Amino acid sequence: MKGDFKSLTWKQTTLVVSSTLFFAVVIFLVEISLVFVNARQQLISTQQELLNSVEQPATNAVWAMDETLAAQTIQGLLKVDNIASATIELDDGSHFVAVNSTVTVESSTLFKDISDEIFGDIQQISRTLYRPFFSSSNYKKELIGKLTVNYDPQSLTGSLFATLRYSLWATLVRAFLLTLVLSIVFHRFLTQPIARISEAIDRIDPESPGDNLLPNSRPHMDDELGLVTSKFNQILVQFAKTQNKLRKMATRDPLTGLPNRALLLETIAVAIQRARVHRTQFVLLFIDLDRFKNVNDSLGHAFGDQFLVQIARILESAVAELGTVARLGGDEFVILADELTSPAEAAEFVDKLLLQLNTPMRLDEHAIHPAASVGISIYPDDGLTADDLIRHADIAMYSAKAAGSNQWAFFKQQMTERAAVRLRTEASLHDALRNNEFVLHFQPKLDIKTGELLGCEALIRWQKDGQLISPMSFIPVAEETGIIIPIGRWVIEESCRTIQKWQQQYNVTLPIAVNVAPQQFEHISLVPDIKQAAFRYQIAAELLEIEITETSLMNDIQLAIEKLEQLRAAGFGIAVDDFGTGYSSLSYLRNLPITTLKIDRCFVSDLPQESAIASTILMLGKQLDLKIVAEGIESEAQLRWLQEQDCLLGQGYLFSKPLTLAAFEDKYIKLNTRVTQAVN
């Protein structure tokens, strides 16, 4: 950019010179026009006076036929400026006397054209000569000749240009002086202050911008330049204050005051350097709070923040002089225990730490029971860099969380392989969607008493390389990575297509229930996706039942109610799957616009010995006028108990396992001429 720099003074001077010269030229052209107009008018007036002065002598000379007198008369005309010739003709048109000027003006063709354009129509004048006489009755004139005078238009134009030349120089001098004065004034009053401001900006130190404010000259205190300077200085001062705040925030977590990730990485780097020199080990703990989302969702973010602050103080107290506590974000904390040098010391410390964390705490009137999962990595066995140690401790933490709440685990190399498998599974799921590797299996829903087919549930399977992969292997990965949303959209689309096929091909109308994962339920496109799929395949809304889990409802109950009301208003069925496994469903159940409750298989499997929860759900469903579906029926004893309790629908391996589309059609669809939904 340096090479392209152009001085503002130079630009300003160029602009002033150009503007001044332009207006000078315009004014000069106007002046020329006025001079030429005045010259024409003056010449026309002078011509008539000239003819009047020689008319009588010329008339007398012609009447007397005195050529000498006539020549002398018109010879005097040549002394008048710009006259080229003069002639006297007799009444018969013959020349009597003619005189010509000996002065010639040499000029270019362009100059001649300009002269002709300006004076061409008045370069010749003439006067008819008469001899007056008196008769007895009136006065009469007798034509005796004609006087003609020719002007030299080039001489006229040349004299005017000679006059205008001085005017042009005077105009240019005035323009130059005006330009010089304006440039000096503008430079001193505007350009120079701006240059000083530019130099002051170059002197601003990014580390302390408030120490070098811009100068504000006195003449500009109350104008736009002064206003810009003042505003810029305000920005510098505010920026300095903000920068000081950012310096504090750059290394500290704003909520808990603990070191953040940036400071943690620096601290670990120092610990690595020291351990390398002294050939020692140290321990890194990755801590993730269990069920923290429940605290946030049920009590609100303000209580969640208070909870995190108290956890931070507990961790600081537990670590004391053993190391450093840092918060990575959310409910994730890291402890750099550089005073712990062996796995045994790490295990002992973590056991004590979890005991302190498990101590109940109170947030106003609420009692909270904290729990955490802890992953442990050790330098140098589990990593030689700060990033590797944190990543491996994080992997170990997920392994501990998979084992249950309040667990801890050391990092093992096999964990990295499992994490890599998850990444490969994620990539394969994307390919599966593109390559149409997913298929639907269908499990029938039967009337428990009559055995009549009343519906079915669509269950996704992954057919890869000739093998059928269970949802338990890929659905958790799909939910964690967000791929569950397009997968769920495919299930809805395929279910609607299947309903249409059964209607058109077999004249069978059978409702299908589809499962919606919590992430899919929370996505903004859920309701439009369902409505558009039903419209695209021209199926009745009541033939598609949406199954959601209690987790989907509890994450944001108000949003859940709004979405369910939209679906119910459109006619779709709503079922709550795995009912009874949540912690707060009953308090919201009466507000949910649902049509079906499903008794979870864990309660059905205990029947008929443990029947309290199943009985409660059945009673609740009857009072709320809801259909009840018992899933996971596998024994005759379970079936008899459900029949006795008037449960309407059942599904499970006692009736049928999930079947492929072809097998389901052979066993159920082709044997029926028409199946209708018993209860909406």
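## The second largest pocket

In this predicted model, the second largest pocket holds about 940 Å³ of space. Its lining is made of 34 residues, and if you want to find its centre, look for Glu 457, Leu 459, Pro 471, Asn 515 and Asp 577, which are the closest to that point.

Where does the lining of the second largest pocket come from? Three strands and three helices each put in at least two residues: β13 (453-464), β16 (544-549) and β17 (573-579) on the strand side, plus α12 (471-481), α13 (484-506) and α14 (518-522). As for chemistry, the lining of this pocket splits into 15 nonpolar, 10 charged and nine polar residues.

## A five-stranded sheet

Next up is an open sheet of five strands with mixed pairing, and reading across it you get β6-β7-β5-β10-β11. At the edges sit β6 (324-329) and β11 (408-410), each with a pairing partner on one side only. Ignoring direction, neighbouring strands here are turned by 20° against each other on average.

Take one pair from this sheet: β5 (residues 282-289) runs antiparallel to β7 (residues 332-337), and six bridges link them. Within that pair, Leu 285 stands opposite Ile 335 of β7.

## Helices on the sheet

Helix α8 (residues 301-319) lies across β5, β6 and β7, and runs at about 10° to β7. Helix α10 packs on the sheet too, where it touches β5, β6, β10 (372-379) and β11. The direction of α10 makes about 145° with that of β10.

## Where α6 meets α10

Packed helices are described by two values, the angle between their axes and the distance between those axes. For helix α6 (residues 261-278) and helix α10 (residues 386-402), the angle is about 110° and the axes are 9 Å apart. Angles of 65 to 115 degrees count as roughly perpendicular, so α6 and α10 are roughly perpendicular to each other.

Which residues make the contact? From α6 come Arg 261, Leu 264, Leu 265, Ile 268 and Ile 272, while α10 brings Ala 386, Asp 387, Leu 389 and Ile 390. Sorted by class, the contact of α6 with α10 has seven nonpolar residues and two charged ones, with no polar residues.

## Backbone oddities

Most peptide bonds are trans, and most residues other than glycine have a negative phi. A few spots in this model go the other way. Tyr 379 and Pro 380 are joined by a cis peptide bond, with omega at about 5°. You'll find Pro 380 in the loop between β10 and α10. Another cis peptide bond joins Leu 607 and Pro 608, this time with omega at about -5°. Pro 608 belongs to the loop between α19 (601-604) and α20 (612-623).

And where does Gln 538 sit? It is in the loop between α15 (526-536) and β16. Gln 538 has a positive phi, near 55°, despite not being a glycine. Strand β16, at one end of that loop, also supplies at least two residues of the lining of the second largest pocket.

Technical notes: Residues are numbered from 1 along each chain as its sequence is written. This is a predicted model: local features need pLDDT of at least 70, side-chain atom pairs count only at pLDDT 80 or more; totals for chains, interfaces and linings use all residues. Side-chain values use heavy atoms; hydrogens and water are left out. On a 1 Å grid over the protein atoms alone, a cavity is a set of points where a 1.4 Å probe fits but cannot get out, and a pocket is an open set with protein on both sides within 12 Å along at least five of seven lines; lining residues have an atom within 4 Å of a point. Grid points are joined across faces, edges and corners, and a volume is the space filled by probe spheres set on the points. Helices (H or I, at least four residues) and strands (E, at least two) are DSSP runs, numbered from the N terminus. Ala, Val, Leu, Ile, Met, Phe, Trp, Tyr, Cys and Pro count as nonpolar, Asp, Glu, Lys and Arg as charged, and the others, Gly among them, as polar. Axes are lines fitted to C-alpha atoms, for helices over the stretch in contact, and angles run from 0 to 180 degrees between N-to-C directions. Angles under 35 degrees count as roughly parallel, over 145 as roughly antiparallel, 65 to 115 as roughly perpendicular and the rest as oblique. Contact means heavy atoms within 4.5 Å. Two strands pair if DSSP finds at least two bridges between them.
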